[in-house]
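Okay, thanks for coming, everyone. Let me put the model up, and then I'll walk you through a few spots in it.

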Amino acid sequence: MAYKVPRLADFSPAGLETAARELLGALEAEASSVGNETEWKIFRDRWMARKSGVLTLLNDLWLKAAPQESKREVGQCVNQLKARVEVGVEAALEKVHGGAGGSQLLAERVDITLPGIRRPSGAEHPVIKTLNEIVSVFRDLGYSVEEGPVVETDYYNFEALNFPPHHPARDMQDTLFIAGQAAKAQCDRLLLRTHTSPVQIRTMEKMKPPLRIVIPGKVHRNDPPDASHSPMFHQVEGLAVDTNITFADLKGTLDHAMKSLFGSSVKTHFRPSFFPFTEPSAEMMVTCFICGGSGRRGPDPCRPCKTTGWIEILGCGMVDPNVFEFVKDNGYDPKKVSGFAFGMGADRIAILKYGVDDIQLFFNGDVRFLEQWR
Ligand SMILES: [Zn+2]
């Protein structure tokens, strides 16, 4: 005799329990009489069909009919019963399949003693690794990390950095310009940034001094690829602006940074140079960390430093007051603040550090080369 959902008269906990017990008893009895898949489908529909299955009737005859004060208990009871019915119907199907010889179980058998699939662990790209190392040295000094767009306007890449209109860097020979920009004013024309310095201006526009930032990123130049040039490479720049910043601060900061990067025995040396956005400007050399400054590796000459014992590592200088004029309205009055800036090529440092003899190896994606940094 098939189970029929009764109309409940007694919604008390005891009444609910009795009704629930009857229902579960009926579920068990019907499940045990299911002998094949066709019978199971009839059984499933009787209990779970959306239109007039037992579960639907439970909603209508128990939950909807319950007086307001019992709704919560009845709701909980109905939910529990639904879960039990779903499990019971599922179990009945498994029993049908198991009874057919357990062939499905056999087919799905998993040998848990077999070794798993080994997934090779990845590694940081040597250039990114170097970039991160440089950044973390300056982060420890209290610098924050700033980034900016790789496609820049002429204004941020050149004009605001004090490049005169006919500076050779603005030539097609050196810079990759975006096509179809001729209709725009010169300052709005787009190009691939040739250095990360535009981020210095962008940051000074949004943050007031004092400022200490380090800027890692990709830059592009119109250089044909060869062993030491790539049209795309990576820079890290830094900028510190405050009152009374002097060249001594620049030297002290960079000397400390080089010792953190290459070891405490490294010495630094500055020689005059020129950049449009710094005045005075300097190139910084470090004692060659491959030969220790001797210029020789045993009986052989040291190639990375060309036997001089010194390696040119970065450009730096005091921020030119003309650059501050572009962001004067945000608190960078050149009469009140001063600052220093520096920039280095992360790829070049990675080349020196790891003794790589061709910059192209970094970018042509040969896994055998990159695996060495695992
Ligand atoms: Zn050397």
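Quick definition before I point at anything: buried means under 20% relative accessible area, exposed means over 50%, and partly exposed is in between, with a 1.4 Å probe and protein chains only. This is a predicted model, so local features need pLDDT of at least 70 and side-chain atom pairs count only at pLDDT 80 or more, while totals for chains, interfaces and linings use all residues. Residues are numbered from 1 along each chain as its sequence is written, and side-chain values use heavy atoms, with hydrogens and water left out.

So, Arg303: buried or exposed? Exposed, because its relative accessibility is 66%. You'll find Arg303 in the loop between β9 (300-301) and β10 (310-319); helices (H or I, at least four residues) and strands (E, at least two) are DSSP runs, numbered from the N terminus.

Now the zinc. What holds the ion? Four sulfurs do: the SG atoms of Cys288, Cys291, Cys302 and Cys305, at 2.2 to 2.3 Å. Donors here are N, O and S atoms within 2.8 Å of the metal (3.2 Å for Na, K and Ca), and as water is not among the atoms, sites may look incomplete. The zinc site is tetrahedral, with angles of 102 to 117° among the four donor atoms; for four donors, that label needs all angles between 85 and 135 degrees. Along the chain, the spacing reads C-x2-C-x10-C-x2-C. That links distant parts of the chain: Cys288 sits in the loop between β7 (278-287) and β8 (296-297), and Cys305, 17 residues apart from it, in the loop between β9 and β10. Both Cys288 and Cys305 are buried.

What about disulfides? Searching the whole structure gives zero, taking a disulfide as a pair of cysteine sulfur atoms within 2.5 Å. Look at Cys316: it can't bond because the closest cysteine sulfur, in Cys288, is 19 Å from its own. Cys316 counts as buried because its relative accessible area is 1%.

Over to the helices. The axes of α6 (residues 126-140) and α11 (residues 346-354) come within 9 Å and cross at roughly 105°. So α6 is roughly perpendicular to α11, a label for angles of 65 to 115 degrees. Axes are lines fitted to C-alpha atoms, for helices over the stretch in contact, and angles run from 0 to 180 degrees between N-to-C directions.

That's my tour, thanks.

Methods: Four donors count as tetrahedral if all angles lie between 85 and 135 degrees; four count as square planar and six as octahedral if opposite donors are over 155 degrees apart and all others between 65 and 115; anything else is irregular. Angles under 35 degrees count as roughly parallel, over 145 as roughly antiparallel, 65 to 115 as roughly perpendicular and the rest as oblique.
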